[in-house]
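Let's take a friendly walk through this structure, one feature at a time. Have the sequence and the model open beside you as you read.

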Amino acid sequence: YFLALYLGVFLLMALFGHQLLSLWVGASSAPPTLLICAIGGSYLILQWTNNHSIFLNGLGIVRKQVPIFLVQSCLALSLNLFFIRKFGPIGLCLGGSLSYLLVSGWLLPLTFHQGLARIKAQPRVEQGSPLTPAVP
């Protein structure tokens with residue numbers, strides 16, 4: 001449901017965002033439609049990776065995320081510096097989005113599924129109800 005709602009808002013902002021923002025902040029300060037779309041795409045990729053990061057934290061797999069985010073951050077910094085010189089503010093969204101796609105966008109889901117498979121493979125230990133006393 002989140003994705004459908006997000007895509008609906010994204011389409012509205014892509015179609016009417018420049019006009020709405022020009023009414024709010026003035027025509028000279030309103031961002032171009034391409035920048036609005038780049039920010040929307042960047043936000044979608046960010047949410048995809050954040051969801052998997054939250055799942056990994058819930059599974060207790062935190063240490064494996066550190067090198068992933070370190071590589072992603074270094075790549076984002078270098079891509080942002082490169083793209084911002086070529087495209088201006090849109091390059092900032094492009095660099096961040098591309099770094100998330102190249103590193104975190106596939107490594108976090110892969111790490112999550114590997115961790116989930118490892119947990120499923122462990123034998124389950126049946127425990128009694130906390131309300132019933134343990135039999136020695």
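**Cysteines, helices and rings**

Cys-37 counts as partly exposed, since its relative accessibility is 26%. Keep in mind as you look that this is a predicted model.

Does Cys-37 have a partner, and what is the count of disulfides here? The count comes to zero disulfides. Cys-37 is in no disulfide, and the nearest cysteine sulfur, belonging to Cys-93, is 11 Å away. A disulfide would need the two sulfur atoms within 2.5 Å. Turn to the other side of that gap: Cys-93 is likewise in no disulfide, with the sulfur of Cys-37 as its nearest cysteine sulfur at 11 Å. As for its surroundings, Cys-93 is buried, because its relative accessible area of 14% falls under the 20% cut-off.

Now for the helices. In general, two packed helices are described by the angle between their axes and the distance between the axes. Begin with helix α2, residues 33-58, and helix α4, residues 89-121: they pack at an angle of about 25°, and their axes are 9 Å apart. That angle makes α2 roughly parallel to α4, because angles under 35 degrees count that way. The crossing of α2 and α4 is left-handed. Sorted by class, the residues of the contact of α2 with α4 are 17 nonpolar, nine polar and no charged.

Helix α4 also meets helix α3, which spans residues 65-87; here the axes come within 6 Å and cross at roughly 160°. α3 and α4 are therefore roughly antiparallel to each other, as angles over 145 degrees are counted. Their crossing is right-handed. The contact of α3 with α4 holds 19 nonpolar, nine polar and no charged residues.

Return to α2 for a moment and find Leu-34, which has its place in this helix. Is Leu-34 buried or exposed? Leu-34 counts as exposed, because its relative accessibility is 56%, and the cut-off for that class is over 50%. From there you can look along the chain: Leu-34 and Leu-56 are 22 residues apart, and their C-alpha atoms are separated by 33 Å.

Finally, look for the aromatic rings. How many aromatic pairs does a search of the whole structure find? The search finds five. Ring pairs also link Tyr-6, Phe-10 and Tyr-43 into a cluster, a good place to end the walk.

Note on methods
Residues numbered from 1 in each chain as written. Predicted model: local features only at pLDDT ≥ 70, side-chain atom pairs only at ≥ 80, totals over all residues. Heavy atoms only, no water. Axes fitted to C-alpha atoms, helices over the stretch in contact; angles between N-to-C directions. Helix = DSSP H or I, 4+ residues; strand = E, 2+ residues; numbered from the N terminus. Parallel < 35°, antiparallel > 145°, perpendicular 65-115°, else oblique. Left-handed = near helix turned anticlockwise from the far one by under 90°. Nonpolar A, V, L, I, M, F, W, Y, C, P; charged D, E, K, R; others polar. Buried < 20%, exposed > 50% of the residue type's maximum accessible area, 1.4 Å probe, protein only. Phe/Tyr/Trp six-rings, centres within 6.5 Å; stacked < 30°, edge-to-face > 60°.
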